[in-house]
Amino acid sequence: FNSNITTIDVPAEVIPAIIGKGGAKINSFRSEGAGAEVEADSTTGKVKIYSHDAATRETIKSAVEQIVAENHIGHVSIEKTTIGLVLGEPGKEVREKVAQIGCNFNVSDDDSKLVLKGTDEQIAQ
């Protein structure tokens, strides 16, 4: 039976992107090809794909790998006093440039870093 299971290890912080808003993304995987059951564990970062059809498992695995590739996370340290310069009116050009590159960014919960999300290439820019 284990030959009907494909397991992928992904960064735990990417699991919400794999699940999607309201479970939409993971539910779309379940109806892929011959049908599959997909489990994503946000604690361990393990994604398990159960299907009797190898092509279905491979299609879902490729889709998950694409989501992971598009949701890498980078951090840039920032002083709390400069957050307003990035997020306020003075940072408008920075935000536009980041949007053009295709990255998303936020400030970390502790206000110590900018958190960038995108592909490795996007984050490097």
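**Strand pairing, cores and salt bridges in a predicted model**

Along strand 1 the side chains alternate: Thr6 and Ile8 face one way and are buried, while Ile5, Thr7 and Asp9 face the other way and are not. The model is predicted.

Me: Which residues of strand 1 point to one face and are buried?
Reply: Side chains alternate along strand 1. Ile5, Thr7 and Asp9 point to the other face and are not buried. That leaves the buried pair, Thr6 and Ile8.

Me: In what order do the 3 strands form the open sheet?
Reply: Strand 1 and strand 3 run antiparallel, joined by 5 bridges. Strand 2 and strand 3 also pair in the antiparallel sense, over 4 bridges. The open sheet therefore has an antiparallel pairing under the rule of at least two bridges. Its order is 1-3-2.

Me: Which are the edge strands of this sheet?
Reply: The strand order is 1-3-2. An edge strand here pairs on one side only. The edge strands are strand 1 and strand 2 (37-40).

Me: By how many degrees are neighbouring strands of this sheet turned against each other on average?
Reply: The sheet is open, with 3 strands in antiparallel pairing. With direction ignored, the average turn between neighbouring strands is 15°.

Me: Which residue in strand 3 is the bridge partner of alanine 40?
Reply: Strand 2 and strand 3 are joined by 4 bridges. Alanine 40 is also among the contacts of the residue in question, along with Val38 and Glu39. The bridge partner is valine 47.

Me: Which residue of strand 3 does aspartate 9 stand opposite, and how far apart are the closest N and O atoms of their salt bridge?
Reply: Aspartate 9 stands opposite lysine 46 in strand 3. The pair links distant parts of the chain, 37 residues apart, with aspartate 9 in strand 1 (residues 5-9) and lysine 46 in strand 3 (residues 46-50). They form a salt bridge whose closest N and O atoms are 2.6 Å apart.

Me: Is aspartate 9 buried or exposed?
Reply: Its salt-bridge partner, lysine 46, is partly exposed at 34% relative accessibility. Aspartate 9 has 56% relative accessibility. Exposed means over 50%, so aspartate 9 is exposed.

Me: How many salt bridges does the structure hold?
Reply: Lysine 46 pairs with aspartate 9. Arginine 30 pairs with glutamate 37, with closest N and O atoms 3.5 Å apart. Lysine 61 pairs with glutamate 65 at 3.9 Å, which counts because the limit is 4 Å. The total is 3.

Me: How many residues apart are lysine 61 and glutamate 65?
Reply: Both lie in helix 3 (residues 54-70). Both are partly exposed, lysine 61 at 25% and glutamate 65 at 38%. Their spacing is about one turn of the helix, or 4 residues.

Me: Which element gives the most to the largest nonpolar core?
Reply: Nonpolar side chains tend to be buried together in soluble globular proteins. The largest nonpolar core has 15 residues, including Val10, Phe29, Val47, Ile60 and Val64. Helix 1 (15-19), helix 2 (24-30), strand 3 and helix 3 each supply at least two. The top contributor, with 4 residues, is helix 3.

Me: At about what angle does helix 3 run to strand 1?
Reply: Helix 3 lies across strand 1, strand 2 and strand 3. Its angle to strand 1 is about 10°.

Me: How many residues are in the second, separate core?
Reply: Its members include Ile78, Val86, Cys103 and Phe105. The second, separate core counts 10 residues.

Me: Is glycine 74 buried or exposed?
Reply: Glycine 74 is in strand 4 (residues 72-77). Beyond its sequence neighbours within four places, glycine 74 contacts Leu114, Val115, Leu116 and Ile123. Its relative accessibility is 10%, and the cut-off is 20%, so glycine 74 is buried.

Me: Which residue's backbone nitrogen lies 3.2 Å from a polar side-chain atom of serine 51?
Reply: Serine 51 sits in the loop between strand 3 and helix 3. Serine 51 is buried, at 6% relative accessibility. Not counting residues up to four places away, serine 51 touches Asn4, Gly35, Ala36, Thr56 and Arg57. The backbone nitrogen belongs to aspartate 53.

How values were computed
Residues numbered from 1 in each chain as written. Predicted model: local features only at pLDDT ≥ 70, side-chain atom pairs only at ≥ 80, totals over all residues. Heavy atoms only, no water. Salt bridge = Lys/Arg side-chain N within 4 Å of Asp/Glu carboxyl O. Buried < 20%, exposed > 50% of the residue type's maximum accessible area, 1.4 Å probe, protein only. Core = buried A, V, L, I, M, F, W, Y, C linked by side-chain atoms within 4.5 Å. Contact = heavy atoms within 4.5 Å. Axes fitted to C-alpha atoms, helices over the stretch in contact; angles between N-to-C directions. Polar contact = N/O pair within 3.5 Å; in protein donor to acceptor, adjacent residues only side chain to side chain.
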